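Here are a few short exercises to work through with the model open beside you. Try each task before reading its solution.

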Amino acid sequence: MNLSLYNRYVLCGNDIVVYNTKYGNAIAFEEQSNIDEVKKFLKEESSKELEDLGFITSDNDELNTQKYEYYKLKFGFSQKLNIMLIMTYECNCSCLYCFENLLTYPMDDKERISEVIEYLSELYKANNNEEMDLHFFGGEPTLRTKDMILIYRKLLEKGLNINPSVITNGTLLDQNVVNELIHAGISTFQITLDGPRDVHDFRRPMKNGDSSWEVINKNLSILVKKDASISIRINIDAKNVEYLSEICQGLPEAVKKHPYTTIYIAPVVGCKINSFQHTIKDRAIFLKKAWNIIKEKNLPICIAPPVYAPCPYSSYEAAFYIDLFGNVYTCGGFVGKKEKVERVLNKKTERFWNRINDEPKDTCYKCVFFPVCMGGCKFEEESLGEKCQYSYLMEIYDEYYTKYAIDS
């Protein structure tokens, strides 16, 4: 038996914590401060349980196995399609850190809704997919509720097994819109809240001057009554991390008690406004601070380290963003940039072939964080100028597995 390449060994007080990034498992060796002794024990123990957890492996060439799995993801097909359907580039909010608001995308072509529907249907059947996660995205997708419903129904009529959801700012989900969507079978929503009222409204103002916080909370109560699944996203940075408790307290009681409500945090990335820019080092600081607040105050917010893989950039045709003009992108951060279009329906651009031929370096495959990174986030590489996030991932994953994962 061999030790996995993707084990990391961390001294934690008088203990050693071992975690495996490929399987997401961790084990603590109490009153043990000799890492070599821990490695020796793992190899000699050679139990099925340790192998199942990923700490040891009978594979004599784990590196090439990992490469094969990467190639399979990049050149093979998945049982599930994961599609982000960009309904519009318009939005009724002006979020200060939104990278899409900083882009211009003059559309000269007419929308090709029928062709997009046909393309998704043909791809699903050609790949023998068993299901499709269809996320209505934007801009603000609820500006085009009727088109969302039309597209969803047309795909159902073509025999596709679809899990629909809406990624929305939540301001337009009034009683009528919610009724239409629920009646059509669309009942899963992701909505963003960034703080108590004043903080949220400063960060995510509505273009008409109304309070987006007030409207969102009112609409959340409507969703709860309809038994919808609600995922509340909190985009955090150094400016609002202190308000996590207030955000939870400010939610309507019915939303907090709703069995289908989940809350999670996500660092702001890619913003080019100076007051919202931060380095990888800054992000590690406020993300660790957020986790500490969540645990200390027992907030109902998921604590989880960042995972960049698998992302659409690393998959052939199993996941991508597509707009109603037929433009396909491999990253939400690239949406709206003409030079980032990978193909227009079946017509592939030079960028598509360049991406397919792009491969991580050998040093990346050997890195303990490759299973959660797979060569890094291309959007963050462009926006932050960070080609390798090893130091950030090490700091965050060490923090997570030594302070949160073992206890839970």
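**Exercise 1.** Find which residue stands opposite Asn20 in β4.

*Solution.* Start at Asn20 and look across to β4: the residue opposite is Asn25. Keep in mind that this is a predicted model. Next, take in the two strands as wholes: β3 covers residues 15-20 and β4 covers residues 25-29, and they pair in the antiparallel sense over five bridges. Another pair to look at is Val18, whose bridge partner in β4 is Ile27. Finally, inspect the hairpin of β3 and β4: four residues lie between the strands, and Gly24 takes a positive phi near 75°.

**Exercise 2.** Work out the strand order of the open sheet and explain why β2 and β4 stand at the edges.

*Solution.* First, trace the order, which is β2-β3-β4, with antiparallel pairing among the three strands. Then count partners: β2 (7-12) and β4 each have a single partner strand, so one side of each is left without a neighbour in the sheet. Now look at the twist, which averages 20° from one strand to the next. Last, add helix α1 (residues 35-45), which packs on the sheet and touches β2, β3 and β4. The direction of α1 makes about 135° with that of β2.

**Exercise 3.** Identify the residues with the most contacts inside the largest nonpolar core.

*Solution.* This core has 93 residues, and the ones to pick are Leu220, Leu244 and Ile265. Zoom in on Leu220: leaving out residues up to four places away in sequence, Leu220 touches Ile191, Leu193, Ile230, Ile232, Leu251 and Val255. Apart from the largest core lies another, of nine residues, including Tyr9, Val18, Phe29 and Leu42.

Technical notes: Residues are numbered from 1 along each chain as its sequence is written. This is a predicted model: local features need pLDDT of at least 70, side-chain atom pairs count only at pLDDT 80 or more; totals for chains, interfaces and linings use all residues. Side-chain values use heavy atoms; hydrogens and water are left out. Two strands pair if DSSP finds at least two bridges between them. Axes are lines fitted to C-alpha atoms, for helices over the stretch in contact, and angles run from 0 to 180 degrees between N-to-C directions. Contact means heavy atoms within 4.5 Å. A nonpolar core is a set of buried Ala, Val, Leu, Ile, Met, Phe, Trp, Tyr and Cys residues joined through side-chain atoms within 4.5 Å. Buried means under 20% relative accessible area, exposed over 50%, partly exposed in between (1.4 Å probe, protein chains only).
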